[in-house]
Each structure stands twice: as C-alpha cells, then as structure tokens.
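Hi everyone, thanks for making the time. Let me put the structure up, and then we can walk through a couple of spots together.

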Amino acid sequence: MMLNFHDSVFYFLSTILLVAGLRVITARNPVHAALYLVLAFFNAAGIWMLLEAEFLAITLVLVYVGAVMVLFLFVVMMLDINLEKLKEGFWEAIIPALIVGGFMCIEMVMVLGVKHFGPERIAAPAPRATDYSNTAELGRLLYTEYVYPFELASVVLLVAIVAAIALTLRRRKDSKFIDPAEQVKVKRNDRLKIISMPAEKAPPEPAQGEQA
C-alpha cells in the first residue's frame, strides 16, 4: 500500500520523535539530553500541525522550546553537575525501571489503542468552514465541558509552586537585608550626634638650651 504525503510526513516526524525521546534518557551529557528534548518538542509540534492544531503547535514551540528549555539549558550549564555521581546505581535500578516502563507501555497501548486511535480515526481531519477557529473551540471546551478538571489542574500547580517555595526557603541569620519601614522612621538625632569638644592647645615650644 502506497503512503500519501500526509502519512509519510507523519511517520517521518514520529520516527524522529521516538529517537529523540530515547536519546533524552540515554544521553550521558545533560546538555545533549536537553537539546534532544528540544528536537522532540519540534517534531511533536509538527505532528500537531498535521492534525490542524496550529494553536497547540505554536504554544508548544513558544512556551516549552522558547522558555522552559532555555531555562533548563541555563540551569544545566551553570550548575557543576557531577556526571559520575549521577551514574552511580544505574544498573542496580535498571530492572525496576524496565518493569515500571513496561507497565506504562501497556497502559499507553490500552488507552491509545485501535479502539480510539485506529487508522480510520487518525486520518486527515475533515475540511472545516472558512470561519472555523480551533483556538476558539479549544477555549470553549476548556471553559465549558472541562472547566472543573482545568481548575483542578490549576490548583495542583499552585500547590506545587507553594511547596517548592516552602522546601527551598532557608532563613539565614547572617544575611543582611534592609527594612524600608525602619529607614523611614529614622530621625536626624538617631544618626547624628554633635559633641562639644575643647580646642586642642599647641604644645609649648622648647627652650633654646633644650634644642642644643
């Protein structure tokens, strides 16, 4: 069976996406792993473009590639990561990792099986009207049918932010800081004190005999 152009591009992008995702977890250099993740995001955006989900594709590129991954790269390159220490215990955990990964693959196959994502369902989308906007349709679904899961996800993210701040906050007693309220309440007499001191007298000049 001959593949059309749409299917050929889909399989091409999917292959690169799988290879890039595999290299993310197998690359020894963290910078290389982050760059492979950027490649995976670009290919995922290309697949969404094929599904005519332009808003999701451009959001993935702008948010994840343009912001999140740049931040990851800065953090990875600025930190002095001990690669040898990271590799310790890799082979001891390989069997549990394979078991967990196998269960995850089985779950993905059950969720994304032929029943919901068969060949007849992943075909090219039907043509829409000229005034159709998938961005407006996405917003309508988020704030009507999926408003409660959307709000729940927002609460979970808020809790995660608060927990991250609470875990990383460390109060140091030796750190110096400025209290603006105390600065405003300062008066001249608190900082400046005029002291009356007697004038110093010049020492007496030595006699002529003493100079000799």
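So, the largest nonpolar core: this is a predicted model, and in it that core has 10 residues. Reading along the chain, they are Ala-34, Val-38, Phe-41, Ala-44, Ala-45, Ala-57, Leu-60, Val-65, Met-69 and Leu-73. Which helices supply at least two residues each? Those are helix 2, covering 30-50, and helix 3, covering 54-78. As a general point, nonpolar side chains in soluble globular proteins tend to be buried together.

If you'd like one residue to zoom in on, try Phe-41, which belongs to this core. Setting aside neighbours within four places in sequence, Phe-41 is in contact with Leu-60, Tyr-64, Val-65 and Met-69.

Now let's move over to the charged side chains. How many salt bridges does a search of the whole structure find? The search finds 1. The partners are Arg-140 and Glu-137, whose side chains meet at 2.7 Å, N to O. Both residues sit in helix 7, residues 134-142, and they are 3 residues apart, about one turn of the helix. The Glu-137 side chain also counts as making a polar contact with the Arg-140 side chain, at 2.7 Å.

And is this pair buried or exposed? Something in between: Arg-140 is partly exposed, because its relative accessible area is 39%. Glu-137 is partly exposed as well, with a relative accessible area of 27%; buried would mean under 20%.

That's my tour, and I'm happy to rotate the view for anyone.

How values were computed. Residues are numbered from 1 along each chain as its sequence is written. This is a predicted model: local features need pLDDT of at least 70, side-chain atom pairs count only at pLDDT 80 or more; totals for chains, interfaces and linings use all residues. Side-chain values use heavy atoms; hydrogens and water are left out. A salt bridge is a side-chain nitrogen of Lys or Arg within 4 Å of a carboxyl oxygen of Asp or Glu. Helices (H or I, at least four residues) and strands (E, at least two) are DSSP runs, numbered from the N terminus. Buried means under 20% relative accessible area, exposed over 50%, partly exposed in between (1.4 Å probe, protein chains only). A nonpolar core is a set of buried Ala, Val, Leu, Ile, Met, Phe, Trp, Tyr and Cys residues joined through side-chain atoms within 4.5 Å. Contact means heavy atoms within 4.5 Å. A polar contact is a pair of N or O atoms within 3.5 Å; within protein, one must be able to donate a hydrogen and the other to accept it, and residues adjacent in sequence count only if both atoms are side-chain atoms.
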